[in-house]
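Welcome, and thanks for taking a look at this model with me. Let us walk through its strands, its cores and the contacts between its chains.

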Amino acid sequence: MIRTLIIAVILTFGTISIVKPSETYAFSGQVIERGAFGDDVIELQARLQYLGFYNGRIDGKFGYGTYWALRNFQQQYGLTVDGVAGKSTKDKLANNSDFDKEWVHTQINAGNEFTYYGGKPLDQQVKTNNGTAKKGASNSASVQLPVKYSERDLQLMANAVYGESRGEPYEGQVAVAAVILNRLESPDFPNSISEIIFQPGAFTAVADGQIWLTPNERAKEAVLDAMNGWDPTENALYYFNPKTATSKWIWSRPQIKQIGEHIFCY
Amino acid sequence: MKNLVYLMAIAILALGLYSYDTKAENASLQKTLHAQYTNSLAGASEKLSNLQDSVSQSLLFQDEAALNNELDNIWRVSNELRSDISSLPLTREVSNDWIRYIGNIGEEAKLTAETGDYKSWQKKMSVVNSNLNALSDEWTVATSIYFDQDGDFSKWERVAGLEPDESPFKNISANLKNYSETDFPLTASESDYKKKIELKHIEDEEITKDQAIDVLEMLLPGIKDATYTVTQSKKDAAYPFYHIQFVKGSRVGYADITVKGGHILSFLSERPVQEKKGVTQEEIRKLAKQFLERAGYKDLEIVEERENHEAWHISLARVVDVGEEKAYVYPDGIQLKVSKDSGELLGLNAMEYIQKEQIKEQPVKPIDWKTFFRPGAVVEEERMAYTENDQFMLRLCYEVIVRMDNKSNDTFRIVVDTDTHEVVKVENLM
């Protein structure tokens with residue numbers, strides 16, 4: 001009787017351990033879809049690249065490159081082809097690939113150029129930046145933007161917003177970013193964000209050098225909101241501080257609203 | 001005593017050396033800047049002359065190839081000239097007026113090359129040509145003062161910093177304004193920017209400050225009983241609105257609500273957000289839909305979702321029926337910002353949705369994508385969408401997602417007019 005019981009217990013645990021999928025991955029429980037961003041996407045891209053399906057940058061952004069790679073993987077491995085990484089897809093990926101989380105994140109944080117193909121030594125897949133990029137810069141600076149803007153635009157605008165309005169409320173910082181973008185749409189101003197920011201006399205922060213201060217995350221978030229469509233100025237093209245403005249012309253512009261220390265106008 | 005004198009002499013010498021070094025450095029920087037500005041000024045003058053030549057030469061030809069060559073030239077030179085002008089330390093007014101006028105000439109050339117409407121070009125440009133000649137003469141007079149400053153940057157700076165009514169560009173500025181209005185009058189659908197200002201045409205009933213707060217609390221029950229500061233827009237604003245600033249716990253934010261009709265224009269709330277996800281993408285989508293239902297936005301669908309460190313940005317577009325199919329009206333969009341940690345709505349932008357676009361009938365002519373694209377380009381998704389073309393006119397278009405069947409799977413969003421089959425937009429989605 002005891003022997004039978006022991007055999008039954010062994011068989012039960014044995015069966016469970018065989019049936020239970022191997023969960024050796026670091027994926028969270030979330031379903032990963034197009035538009036997603038973060039560590040889950042980094043793992044997804046790395047595993048897809050390990051198997052040769054993904055040839056793009058491992059950057060944690062689930063764009064079309066990752067989407068097609070995932071669909072191709074699902075098709076080849078007999079899964080439902082929907083470009084969505086649910087549990088079955090993640091399990092299949094984990095069972096067929098390897099993911100060295102520490103190594104991949106180290107490369108991303110160091111700003112290195114690297115790939116993660118299976119069957120090739122990792123040290124042969126990395127080009128170090130020789131200290132030219134700030135450590136950790138690539139990970140925190142990396143964001144998903146509307147297609148018409150680049151991360152260079154975000155960085156430049158964040159510098160301008162921080163230099164011009166770091167003491168203002170968040171709304172006021174989004175407003176300064178929105179003025180730059182309104183100028184980009186206006187036929188009265190240059191056609192690029194850098195030309196608008198560096199137009200002589202356009203921004204005080206350029207004249208007094210404060211544009212070169214390192215912007216904080218709040219300034220970057222404010223630029224991100226403006227790039228995504230927010231405009232607390234209601235279409236302003238100019239702003240000025242009434243306490244310090246000396247130009248007669250700026251006072252002649254039609255005014256819209258005041259946010260913090262700045263009056264915004266057409 | 002002797003030592004003190006000795007030390008003071010060393011200190012004075014060091015200070016003198018430092019001062020000399022700083023002065024020399026400043027002088028060197030001024031010379032570099034002076035040279036750079038003079039170079040830009042000379043470059044702009046030369047390009048203005050080239051533009052003037054090309055515009056007058058374009059009036060010579062009937063031959064299509066010769067004319068198109070000049071149109072290309074005009075478009076290129078006008079872009080370069082705009083860039084040169086923007087890098088000069090001119091007064092804001094002069095700079096803006098120049099950039100607009102030159103840009104109009106370039107845009108007109110581009111449009112003519114696309115449409116082949118050469119008669120209209122020649123009719124319009126004969127006037128522009130003579131106005132451009134007059135402006136060019138005035139520019140030569142106005143800029144001559146900048147070349148006569150004996151290398152003294154402070155004089156250069158002083159002239160550049162003059163107010164518009166004392167500036168050597170005073171005449172140019174006045175003429176540019178007149179010529180812009182007569183040579184390039186605004187079209188009805190000039191720009192999205194104008195459309196926003198047209199919100200002044202809203203004729204709904206006015207609401208009070210308290211009613212504006214009620215509107216906000218109805219849309220965002222989470223901020224009920226916050227501390228509010230309500231001000232009204234300045235008198236010059238194109239449309240009056242209430243500017244509501246609120247504080248509730250760690251939340252600080254604002255909302256703009258129109259005085260006429262109480263339409264919410266935008267709202268943003270700032271609070272500390274945990275980067276760790278508390279809700280799934282699917283839940284975020286459900287929360288967004290719940291908000292839309294509560295706000296009465298019934299004709300919108302999600303067209304794009306983007307996750308970042310703290311929040312999701314979600315774009316929605318109005319959907320209309322076109323025959324048996326549906327089409328997205330992109331200029332009538334709404335954007336939402338939803339926190340990753342709890343799914344709380346952190347922002348809403350509905351400015352473009354308030355005044356809906358007028359949809360006009362438009363023929364839908366089928367396209368054979370196999371002949372439209374090269375072999376290897378795979379059309380993965382296709383739908384209909386209304387979008388603005390280069391002339392800011394709302395057009396019904398095919399919107400296709402095309403993938404190149406190569407190693408990197410390059411993906412593009414291509415928007416093609418359903419009637420003219422003109423390619424309105426191409427975006428690289430990688």
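How many bridges join β3(A) to strand β5 of chain A? There are 3 of them, and the two strands, of which β5(A) spans residues 262–265, run antiparallel. Please keep in mind throughout that this is a predicted model.

**The sheet of chain A**

One residue pair shows how β3(A) and β5(A) line up: Phe240(A) is placed opposite Ile263(A) of β5(A). Both strands belong to an open sheet of 3 strands, whose order is β3-β5-β4 in chain A and whose pairing is antiparallel. At the edges sit β3(A), residues 238–240, and β4(A), residues 255–259, each of which pairs on one side only. On average, neighbouring strands in this sheet are turned by 25° against each other, direction ignored. In a regular strand, side chains alternate between the two faces of the sheet. Lying across β3, β4 and β5 of chain A is helix α8(A), residues 170–185, which runs at about 140° to β4(A).

Stepping back to the whole chain, chain A has 12 helices and 5 strands. Of its 266 residues, 42% count as buried. Among the contacts in chain A with a separation of 6 or more, 56% are between residues 24 or more positions apart.

**Nonpolar cores**

Which residues touch the most other members of the largest nonpolar core? They are Met157(A), Val161(A), Ala177(A), Val223(A), Ile257(B) and Val338(B), in a core of 125 residues. Helix α8(A) gives the largest share of this core, with 9 residues. For a look at one member, take Ala177(A): leaving aside neighbours within four places in sequence, Ala177(A) is in contact with Met157(A), Val161(A), Ala222(A), Val223(A) and Ala226(A). There is also a second, separate core of 24 residues, which includes Ile42(A), Leu70(A), Phe99(A) and Val104(A).

**Where the chains meet**

Between the two chains, 46 residues of chain A are in contact with 55 residues of chain B. On the side of chain A that touches chain B, the elements giving two or more residues are α3 (64–76), α8, α11 (217–227), α12 (248–251) and β4 of chain A. The largest share of that side comes from α8(A), with 4 residues. By residue class, the side of chain A that touches chain B divides into 20 nonpolar, 15 polar and 11 charged residues.

**Strands of chain B**

Now over to chain B, where four strand pairings can be set side by side.

| Strands paired | Sense | Bridges |
|---|---|---|
| β7(B) (325–339) and β9(B) (377–388) | parallel | 3 bridges |
| β9(B) and β10(B) | antiparallel | 11 bridges |
| β10(B) (394–404) and β11(B) (411–417) | antiparallel | 7 bridges |
| β11(B) and β12(B) (423–428) | antiparallel | 5 bridges |

Individual partners give you the register. Tyr328(B) has Ala385(B) in β9(B) as its bridge partner, and Thr387(B) is matched with Arg395(B) in β10(B). Further along, the bridge partner of Ile401(B) is Arg413(B) in β11(B), while Val415(B) stands opposite Lys425(B) in β12(B).

Which residue has a positive phi in the turn between β9(B) and β10(B)? It is Phe392(B), with a phi of about 60°, in a hairpin that has 5 residues between the strands. The hairpin of β10(B) and β11(B) has 6 residues between its strands, and there Asn409(B) takes a positive phi near 50°. In the hairpin of β11(B) and β12(B), with 5 residues between the strands, His421(B) in the turn has a positive phi of about 60°.

**Annotated spans**

The remaining names come from UniProt records, all of them in unreviewed entries. In chain A, UniProt annotates residues 38–93 as "domain: Peptidoglycan binding-like"; that span is 57% helix and 0% strand, with its end C-alpha atoms 18 Å apart. UniProt also lists residues 167–265 of chain A as "domain: Cell wall hydrolase SleB". Here the chain is 40% helix and 12% strand, and the end C-alpha atoms lie 20 Å apart.

In chain B, the UniProt annotation "domain: Sporulation protein YpeB N-terminal" covers residues 26–113. This span is 89% helix and 0% strand, and its end C-alpha atoms are 49 Å apart.

Note on methods:
Residues are numbered from 1 along each chain as its sequence is written. Chains are lettered from A and ligands numbered from 1 in the order in which they are written. This is a predicted model: local features need pLDDT of at least 70, side-chain atom pairs count only at pLDDT 80 or more; totals for chains, interfaces and linings use all residues. UniProt positions are given in the numbering used here, feature names are shortened, and annotations may be inferred rather than shown by experiment. Two strands pair if DSSP finds at least two bridges between them. Axes are lines fitted to C-alpha atoms, for helices over the stretch in contact, and angles run from 0 to 180 degrees between N-to-C directions. Two residues are in contact if their C-beta atoms, placed from the backbone, lie within 7 Å. A residue is buried if 20 or more other C-beta atoms lie within 10 Å of its own, exposed if 12 or fewer, and partly exposed in between; C-beta atoms are placed from the backbone. A nonpolar core is a set of buried Ala, Val, Leu, Ile, Met, Phe, Trp, Tyr and Cys residues joined through C-beta atoms within 7 Å. Ala, Val, Leu, Ile, Met, Phe, Trp, Tyr, Cys and Pro count as nonpolar, Asp, Glu, Lys and Arg as charged, and the others, Gly among them, as polar.
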